[in-house]
Every structure is written in structure tokens, then in C-alpha cells.
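The exercises below are meant to be worked through with the sequence and the 3D view open side by side. Try each task before reading the solution that follows.

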Amino acid sequence: MITRDDFPPVIDPFGRHISYLRVSVTDRCDMRCVYCMAEEMTFLPRAEVLTFEELERLCAAFIRSGVRRLRITGGEPLVRRGVDGFMTALGGWLGRAAGQPRLDELTLTTNGSRLAAHAAALQAAGVRRINVSLDSLDAARFAAITRVGHLSRTLDGIAAARQAGIAVRINTVAMRGVNEDEFDDLIAWCGQIGADLCLIETMPMGDTGEDRTDRYLPLSLVRARLAQRWSFEEIPYRTGGPARYVHIAETGRRLGFITPMTHNFCESCNRVRLSCTGMLYMCLGQDDAADLRAPLRAGADEAGLLEAIRAAIARKPKGHDFIIGRRGEARGVARHMSATGG
Ligand code: SAM
Ligand code: SF4
């Protein structure tokens, strides 16, 4: 029997303790957001995607390697059949005694379209906090950004989650000329429903069939504009992710900023990402990945998986170098966010 002491927490070459894993359970989605996917996407053949049993084994190995926070994402995680059972299985790692391999938190990122049907099961699995992506409160604009999504379904999902006792953070990708006139309304609405809001800079990831350089909006500018209307106070609140928060006096809620472009947060990065095919990406903004499906399907035992994880994390780079230049040229990565798990 392997104990945690045999495998002390994994620390990368830059001294960062890897305690946060994001797991993409599918590359499929029922939306086609303009910044994330092309309109005609080709999805992976099912045989390439890890089964939930395989994902559970890998998650267990990560938890034994010191991961304490797990975020389930996609694609859209709630479109995969059987996801409630998977969440319940992972929830079994919550609340274990100190000194044991265990999870402190199990969370999910979703577009909310199917959340109404899953909220109770997620709550029962131990999920207490979720991120719901919502870029506009205007139905026509929401439909244009997501290409095929319906605002009402996402709003129903948010209401159901809150009713089930799950705290919601709204994630909004800030896009120049698309939703930049709505941030005040989003802040006020989040205040009314009792949710935090987090603004995200557009990252150049994957071909989406759209020119995103015109859409890029630095959050430093947004923040300065918003500060003219709202009273912000810097707070040290952290959720384990890259967001940096302020408290808004008028609403009593938090506003987060995720700024991979204007303020690189790599020095404190404690995360790695597992794709639905078992590729472990040590950095969202770099192409290097370690194939964990190969040892898994070759019959590796837990010690073998732990060793593969340790070897992969030893390759974690210092940081990413996404750039959208002054003349509009973009340097990013070819894979889509939905493949890696946002
Ligand atoms: N489908 C789920 C959702 O939309 O919340 C989970 C997966 S999605 C890839 C996770 C997050 O990544 C979403 O909040 C989405 O807005 C964000 N995202 C996707 N592509 C992005 C990009 N190119 N730049 C910045 N954020 C992006
Ligand atoms: Fe789907 Fe989420 Fe990507 Fe939108 S951001 S296309 S909802 S995976």
C-alpha cells in the first residue's frame, strides 16, 4: 500500500507546489463561443477519450501526489453522460482526515445550459462553488457570442445552483466592441443575485474562425474605467486560481480579474491541466504535454502513475508567453481551450 509519505507533495523545478488540477472530461460542447471554438468543430473519436473509470484512477493518483483542489471542466462537462456519478466518486475524497490523501475542494466550470438538471446532484457530491460562464445578459448578444446558446437556460441553471446551495461565480470574457458596454450591468446584476463576477482577458488559443486581435481588451483599462463608477478595495481573497480580486462597496460582492495578457501570473502558478485524452499540460500557454493515457492503458499500477506524474511536473515551464502585439499580431497556442480545459 502506498502512503502519502512515500510520495511527498510534488514541487516543480521553480519551487511551486502543484496542488490544483483541472480536468477536462470532454472536448464536446453544446455551444460554440466565438473565442473558444470554430463554428464547425471536429470532436475526438470516443475511443481516444478516457473513460470515467480511467479519469478516476488518474485523479486518485494526483490526489496522492498532493493535489487538494480539483476543478472539472471541458468542453462542457455537463454534456457528458455519467458525469454525476463521476462527481460523486470524486466527492468521496472530500472531508478526509488530515494527513490522509484528500481533497479540500471539488469545483466545476460550466456554461450553465444543463446546470438546472445537475445542480442537486453536484451539491450532493460535495460541490459548494461553481463557475458559470456568461458573457452577456442580452439574449440576442448571448446567442451571437455562443453562436447556438440560449441565455434563459444558463440563467435557469444559475438559479438552480443557487437554490441548491452552491455559490456561483460568473466568468465573463471581456471583448472589445462586443460586451464592454455591459460590465456595469453585470456588476449590478451579480450584486442582486449574490454572485461574484470575474472578468477574463481573451487568450489566443486555437483557430476559432474569428480574428480575435480586434477583440482583445486589456483589463487594466477596464478596471480603470469601472473604478470611476464603483468603489474598489483590494482584497487578498484567493480561490487557488489566477484571479485577483477587489471588493465592491456598492454591491458587497467581489470582482475578479484574470489577466494572462497584461499581467502574467505564472510565478505563483500551482496548476496543471489534464485533457480528456489523458494528456497532462503543465502550462496553459505552452504546447508541452505528458501522455498519461499510455501508461494507464498499458496497465501501470498506482506507483507507476505517480512516477509518470512526478516526471511530468518536473518539466513544468516557468511560464507562458501569450502575446497580442501592438500591430495586432497574436502569439498563442494552436490547441483550443476546450481541449485543455479552461
Ligand atoms: N464550457 C465550460 C464553460 O464555458 O464554462 C467550461 C470550459 S470553457 C473552455 C472554460 C472557460 O474558458 C470559460 O469561462 C471560457 O469563457 C474560457 N475561455 C475559452 N476560450 C477562451 C479564450 N480564448 N480566452 C479566454 N478565456 C477563454
Ligand atoms: Fe463551450 Fe465553454 Fe468553449 Fe463556450 S467556452 S464553446 S461553452 S467549452
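**Exercise 1.** In this predicted model, find which residues surround ligand 2, and sort them by class.

*Solution.* Step one is to list the shell: ligand 2 is surrounded by Cys 29, Met 31, Arg 32, Cys 33, Cys 36, Met 37, Gly 75 and Asn 111. Step two is to sort these residues, and the shell around ligand 2 then divides into five nonpolar, two polar and one charged residues.

**Exercise 2.** Describe how many residues surround ligand 1, which polar atoms of the protein lie by the ligand, and how much of the ligand's accessible area the protein covers.

*Solution.* Begin with the shell, which for ligand 1 holds 18 residues, with Tyr 35, Gly 75, Glu 76, Ser 133 and Met 203 as the closest. By class, the shell around ligand 1 has six nonpolar, 10 polar and two charged residues.

Next, look at individual atom pairs. A polar side-chain atom of Ser 133 is 2.5 Å from an oxygen atom of ligand 1, while a nitrogen atom of ligand 1 lies 3.0 Å from a backbone N or O atom of Gly 75. The backbone of Thr 110 also takes part, with a polar atom 3.2 Å from an oxygen atom of ligand 1.

Then turn to the cover: on its own, ligand 1 has 540 Å² of accessible area, and the protein covers 95% of this. Finally, ask which elements give two or more residues to the shell around ligand 1, and the answer is strand E3 (105-110), strand E5 (167-174) and strand E6 (196-201).

**Exercise 3.** Find which residues touch the most other members of the largest nonpolar core, and follow one of them outward to its contacts.

*Solution.* The largest nonpolar core has 95 residues, and the members that touch the most others are Leu 70, Ile 72, Met 87, Ile 170 and Leu 280. Helix H1 (residues 52-64) provides the largest share of this core, with eight residues.

Taking Ile 72 as the example, and leaving aside its neighbours within four places in sequence, one finds contacts with residues including Val 23, Val 25, Phe 86, Met 87, Leu 90, Leu 106 and Leu 108.

**Exercise 4.** Decide whether Glu 54 and Ala 294 are buried or partly exposed, and place each one in its element.

*Solution.* Start with Glu 54, which is found in helix H1. Because its relative accessibility is 16%, and buried means under 20%, Glu 54 counts as buried. The side chain of Glu 54 reaches the backbone nitrogen of Thr 51 at 2.8 Å, and, apart from neighbours within four places in sequence, Glu 54 is in contact with Val 49, Leu 296 and Arg 297.

Ala 294, for its part, lies in helix H8 (residues 293-297). Its relative accessibility is 40%, so Ala 294 counts as partly exposed. From C-alpha to C-alpha, Ala 294 is 9.9 Å from Thr 277, and the two are 17 residues apart in sequence.

**Exercise 5.** Find where Arg 147 is placed, and then describe the chain as a whole.

*Solution.* Arg 147 sits in the loop between helix H4 (139-146) and helix H5 (151-163), and its phi is near 65°, a positive value in a residue other than glycine.

For the chain as a whole, the secondary structure comes to 10 helices and 14 strands, and buried residues make up 56% of the 342 residues. The chain exposes about 14300 Å², of which carbon and sulfur atoms supply 50%.

Technical notes
Residues numbered from 1 in each chain as written. Chains lettered and ligands numbered in written order. Predicted model: local features only at pLDDT ≥ 70, side-chain atom pairs only at ≥ 80, totals over all residues. Heavy atoms only, no water. Near = heavy atom within 4 Å. Nonpolar A, V, L, I, M, F, W, Y, C, P; charged D, E, K, R; others polar. Polar contact = N/O pair within 3.5 Å; in protein donor to acceptor, adjacent residues only side chain to side chain. Areas by Shrake-Rupley, 256 points an atom, 1.4 Å probe, with all protein chains shown as cover. Helix = DSSP H or I, 4+ residues; strand = E, 2+ residues; numbered from the N terminus. Core = buried A, V, L, I, M, F, W, Y, C linked by side-chain atoms within 4.5 Å. Buried < 20%, exposed > 50% of the residue type's maximum accessible area, 1.4 Å probe, protein only. Contact = heavy atoms within 4.5 Å.
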